[in-house]
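Q: Hey, got a minute to look at a model with me? I'd like to go through it bit by bit.

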Amino acid sequence: MADAAAMTMTFSNILFGVEFIKKGILPEHKKLMRQADVTLAFFNERVEERRAQIKKELAEGNGSITRKKFLIDLLILNEIENPKDGFTNTEIIHEFATFAMAGMDTTGHLIAHSTLYLHQTP
């Protein structure tokens, strides 16, 4: 019985989940996956560039960075100081995607509620 449930779960995941899109069964899915790969490669290059810049600044500045630090700098510095607890490039990219989505969601709610308030109390 458990095997049948696992098989159904897998089958439904393939039909309706991420695995379905990753398989690229439909042309739209293949296009989406190519776009996702290109986007991930682009951001991966940016993280690597920043990582190289930070390592260069640390080498030139006696182990410290004097300029203003951004979130990406802090994540990379944490990885340099604590290699076991550091973020991978993919994790850094996911963190920024989370912040971007959260920011859009918050902004969208603010605009919607402001519009509603202005409509209700002219």
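Q: Let's go straight to R51: buried or exposed?
A: R51 counts as buried, because its relative accessibility is 9% and the cut-off for buried is under 20%. Keep in mind that this is a predicted model.

Q: OK, and where does R51 lie?
A: R51 is part of helix α3, which covers residues 27-60.

Q: What does the side chain of R51 make a polar contact with?
A: Its partner is the side chain of N89, with a distance of 2.5 Å for the polar contact.

Q: Which residues is R51 in contact with, leaving aside its neighbours within four places in sequence?
A: Those are I76, E79, F87, N89 and I92.

Q: Let's move on to helix packing. At what angle do α3 and α5 pack?
A: The angle is about 110°, and the axes of α3 and α5 are 10 Å apart. The two helices are therefore roughly perpendicular to each other.

Q: Which residues make that contact?
A: From α3 there are L40, F43, N44, V47, E48 and R51, while α5 brings N89, I92 and I93. So R51 turns up again here, as part of the contact of α3 with α5.

Q: How do the residues of that contact divide into nonpolar, polar and charged?
A: For α3 with α5, 5 are nonpolar, 2 are polar and 2 are charged.

Q: Now for α4 and α5: how do their axes cross?
A: Helix α4 (residues 71-81) and helix α5 (residues 89-120) cross at roughly 150°, and their axes come within 11 Å. That makes α4 roughly antiparallel to α5, since angles over 145 degrees count that way.

Q: Is the crossing of α4 and α5 left-handed or right-handed?
A: That crossing is right-handed.

Q: Which residues make the contact there?
A: L71, I72, L75 and I76 of α4 meet I92, F96 and F99 of α5.

Q: And how do those residues divide into nonpolar, polar and charged?
A: The contact of α4 with α5 has 7 nonpolar residues, no polar ones and no charged ones.

Q: Zooming out, what does the secondary structure of the protein come to?
A: There are 5 helices and 0 strands. Along the sequence the pattern reads α-α-α-α-α.

Q: How many of the residues count as buried overall?
A: The protein has 122 residues, and 15% of them count as buried. R51 is one of the buried residues.

Q: Last one: what share of contacts join residues at least 24 apart?
A: That's 34%, taken among contacts between residues at least 6 apart in sequence.

Methods:
Residues are numbered from 1 along each chain as its sequence is written. This is a predicted model: local features need pLDDT of at least 70, side-chain atom pairs count only at pLDDT 80 or more; totals for chains, interfaces and linings use all residues. Side-chain values use heavy atoms; hydrogens and water are left out. Axes are lines fitted to C-alpha atoms, for helices over the stretch in contact, and angles run from 0 to 180 degrees between N-to-C directions. Helices (H or I, at least four residues) and strands (E, at least two) are DSSP runs, numbered from the N terminus. Angles under 35 degrees count as roughly parallel, over 145 as roughly antiparallel, 65 to 115 as roughly perpendicular and the rest as oblique. A crossing is left-handed if the near helix is turned anticlockwise from the far one by less than a right angle, and right-handed if clockwise. Contact means heavy atoms within 4.5 Å. Ala, Val, Leu, Ile, Met, Phe, Trp, Tyr, Cys and Pro count as nonpolar, Asp, Glu, Lys and Arg as charged, and the others, Gly among them, as polar. Buried means under 20% relative accessible area, exposed over 50%, partly exposed in between (1.4 Å probe, protein chains only). A polar contact is a pair of N or O atoms within 3.5 Å; within protein, one must be able to donate a hydrogen and the other to accept it, and residues adjacent in sequence count only if both atoms are side-chain atoms.
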